[in-house]
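Trainee: I would like to learn how to read a model like this one. Could we go through it together?

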Amino acid sequence: MLRKIPVFLLLSLATLATAAHAQTVYSWKDANGRTHYSDTPPPEGNTRTLRQPSIQPSSGASASSSGNAASYQEQDQAFRKRRAEAAEAETKARKEQLTSAARQKECQEAQRQLTAIENGQRMARYDDAGERVFLTDEERNSNADNLRKFISSCNN
């Protein structure tokens with residue numbers, strides 16, 4: 001029996017709190033300059049409304065729920081758009097990272113080839129018949145110049 005009393009008391013207080021929350025609160029000053037707060041306005045004088053209950057349409061409940069459905073659809077559409085944009089940005093970043101890694105690898109290979117040419121290593125290429133032909137000094141210098149230009153573009 002003792003346990004039922006506090007539960008009943010809590011339920012009663014909760015009911016009263018929600019009823020009090022739904023009421024309008026007025027504020028005014030009397031002739032002595034004292035501020036008063038009440039749920040009923042004074043008979044005369046300057047009154048300020050502090051809180052008004054939310055107005056819920058009684059017959060337009062279906063219109064309200066359809067408005068919420070439209071709002072939820074808009075939110076869902078915005079969420080899907082943000083998710084698609086994030087996936088697109090991630091794909092773009094991954095592609096840029098792969099492109100950057102490939103470019104870095106090309107630059108390192110060009111640096112190795114330039115080092116080999118400058119150290120006097122013999123270089124060869126294959127002609128149209130598939131036979132190996134060694135590069136002349138002019139071809140080696142031309143290749144070295146082209147490699148230097150490419151490497152300088154890597155550093156920028």
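Trainee: In what order do the elements of the protein chain run from the N terminus on?

Mentor: Happy to start there. This is a predicted model, and its chain follows the order α-β-β-β-α-β-β-α. That comes to three helices and five strands.

Trainee: Which elements have the lowest and the highest mean pLDDT?

Mentor: Here pLDDT is the predictor's confidence in each residue, from 0 to 100. Helix H1 (residues 4–21) is lowest with a mean of 61, while helix H3 (residues 137–155) is highest with 91. For the protein chain as a whole the mean is 80, and 73% of the residues reach 70 or more.

Trainee: Let's turn to strands. In which sense do S1 and S2 pair, parallel or antiparallel?

Mentor: Strand S1 (residues 25–29) and strand S2 (residues 35–38) are antiparallel partners, joined over four bridges. To find the register, look at Lys29, which faces Thr35 in S2.

Trainee: And how many residues lie between the strands of that hairpin?

Mentor: There are five, and among the backbone angles there, Gly33 has a positive phi near 90°.

Trainee: What share of the residues in the protein chain is buried?

Mentor: Buried means under 20% relative accessible area. By that cut-off, 12% of the 156 residues are buried. The accessible surface of the chain is about 13,500 Å², and carbon and sulfur atoms supply 53% of that area.

Trainee: Last one: what part of the contacts with a separation of 6 or more comes from residues 24 or more positions apart?

Mentor: In this protein chain, such pairs account for 35% of those contacts.

Notes:
Residues numbered from 1 in each chain as written. Predicted model: local features only at pLDDT ≥ 70, side-chain atom pairs only at ≥ 80, totals over all residues. Heavy atoms only, no water. Helix = DSSP H or I, 4+ residues; strand = E, 2+ residues; numbered from the N terminus. Pairing = 2+ DSSP bridges. Buried < 20%, exposed > 50% of the residue type's maximum accessible area, 1.4 Å probe, protein only. Contact = heavy atoms within 4.5 Å. Areas by Shrake-Rupley, 256 points an atom, 1.4 Å probe, with all protein chains shown as cover.
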